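Let's take a friendly walk through this structure together. Have the viewer ready, and follow the side chains as they come up.

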Amino acid sequence: MAELDIGKHCNIKSCNQTDFLPFVCNACRGVFCLEHRSRDLHACPVVDIKKDVQTSSACTSYPCTFQDCKGKELLPVTCPHCQKHFCLVHRHQDDHKCEKLEMPKPRMTATQELVQKIVESKKGLPASKSRKGAKNASTAAKVALMKLKLHAEGDKGLPQTERTYFNVFLPKEVKDFSLPMFFCSKWSVGKVVDYAASLAKLKNNNNILTAKKLRLCHPQTGEALRMDETILSLLAHPDLPLYNGGNVILEYLDNDLSGLEDTSAYIQQS
């Protein structure tokens, strides 16, 4: 009488146990007993391709290395000078306090020294005189604010209590000299720049490391305002604040410049 061929032997040589209900691995197609049915226990040689693809296609993010910033970007934004990763807000050398930031050019240094002398001279005057210039600027801004509210462009969905109005001087190469706009007082300077560029239909290459950067500059000092500062903080600046209803300058700057050398060309035509 012929023997019945029932069951299969486990493929593990040290086991070779006959199992009448053997298990077939869906990866390597080997036959195993109950004890060695899992991939780990029979050291399955086939990689789980599906899991590998999922792992490799997982979204990679690049965290900002600036102090306590928690910003992340989907693509690497690397400073060409210090070779560190930053978010879009801190991508410029002056914004992330780059350890390899070059000193300003001589002319810019002279301008900054002049501004510093003006600030220091005001500090030495009696309170009534030192505040006179600021009071006049504030009064002029209040008058301008009433006019700006009639024509300013901006997000109509913003509550009136959160709106800050500026007469924005546009880059010299643009046909229109200036445009009245309003922004949310909680916005950062970086968001203001992007929104103003959109309203004025300006080319904005701030995400390209080698291109000229569109910066928001102080109307008196010409200093490029930090991208991470908020409108609220600039309105409350103790020495040279911005004013709701006042002026700001939007201009393209080379990467090695920290501001405008001369703002008179904008202000005199206003």
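**From the aromatic cluster outwards**

A single aromatic cluster is formed by Phe166, Phe183, Trp187 and Tyr195. Please keep in mind that the model is predicted. In total, the structure holds 6 aromatic pairs. For Phe183 and Trp187, the ring centres are 6.4 Å apart and the planes meet at 55 degrees, so this pair is tilted. Both of these residues, Phe183 and Trp187, are buried. Trp187 also pairs with Tyr195: here the ring centres are 5.2 Å apart and the planes stand at 65 degrees, so the pair counts as edge-to-face, the label for angles over 60 degrees. How buried or exposed are the two partners? Trp187 has a relative accessible area of 12% and is buried, whereas Tyr195, with a relative accessible area of 24%, is partly exposed because the limit for a buried residue is under 20%.

Phe183 leads us on to the nonpolar interior. The largest nonpolar core has 31 residues, and Phe183 is among those that touch the most other members, together with Val168, Met181, Leu202, Leu216 and Leu250. Which elements supply at least two residues each to this core? They are the helices α4 (132-151), α5 (189-200) and α6 (231-235), along with the strands β7 (163-169), β8 (178-184), β9 (213-217) and β10 (247-253). The largest share comes from α5, with 6 residues.

Now let's move to the earlier part of the chain and look at the surface. Ile6, Phe20 and Leu21 make a nonpolar surface patch of about 370 Å². Within this patch, Phe20 sits in the loop that links β2 (18-19) to β3 (23-24). Phe20 counts as exposed because its relative accessibility is 58%. Another phenylalanine, Phe23, has a charged neighbour: Arg37 lies over the face of its ring, 5.7 Å from the ring centre.

The backbone deserves a look too. Most residues other than glycine have a negative phi. Which residues have a positive phi although they are not glycines? One of them is Arg29, with a phi of about 65 degrees. Arg29 lies in the loop between β3 and β4 (31-32), and its relative accessibility of 56% makes it exposed. Gln67 also has a positive phi, of about 40 degrees. The loop between β5 (62-63) and β6 (72-73) is where Gln67 is found, and with a relative accessible area of 59%, Gln67 is exposed.

Terms used:
Residues are numbered from 1 along each chain as its sequence is written. This is a predicted model: local features need pLDDT of at least 70, side-chain atom pairs count only at pLDDT 80 or more; totals for chains, interfaces and linings use all residues. Side-chain values use heavy atoms; hydrogens and water are left out. Patches are made of residues with over 30% relative accessible area and no salt bridge: like charges are joined within 9 Å, nonpolar side chains (Val, Leu, Ile, Met, Phe, Trp, Tyr) within 5 Å. Accessible areas come from the Shrake-Rupley method with a 1.4 Å probe; for residues, only the protein chains shown count as cover. A salt bridge is a side-chain nitrogen of Lys or Arg within 4 Å of a carboxyl oxygen of Asp or Glu. Helices (H or I, at least four residues) and strands (E, at least two) are DSSP runs, numbered from the N terminus. Buried means under 20% relative accessible area, exposed over 50%, partly exposed in between (1.4 Å probe, protein chains only). Rings of Phe, Tyr and Trp (its six-membered ring) pair if their centres lie within 6.5 Å; planes under 30 degrees apart count as stacked, over 60 as edge-to-face and the rest as tilted. A charge sits over a ring if NZ of Lys or CZ of Arg is within 6 Å of the ring centre and within 35 degrees of the ring normal. A nonpolar core is a set of buried Ala, Val, Leu, Ile, Met, Phe, Trp, Tyr and Cys residues joined through side-chain atoms within 4.5 Å.
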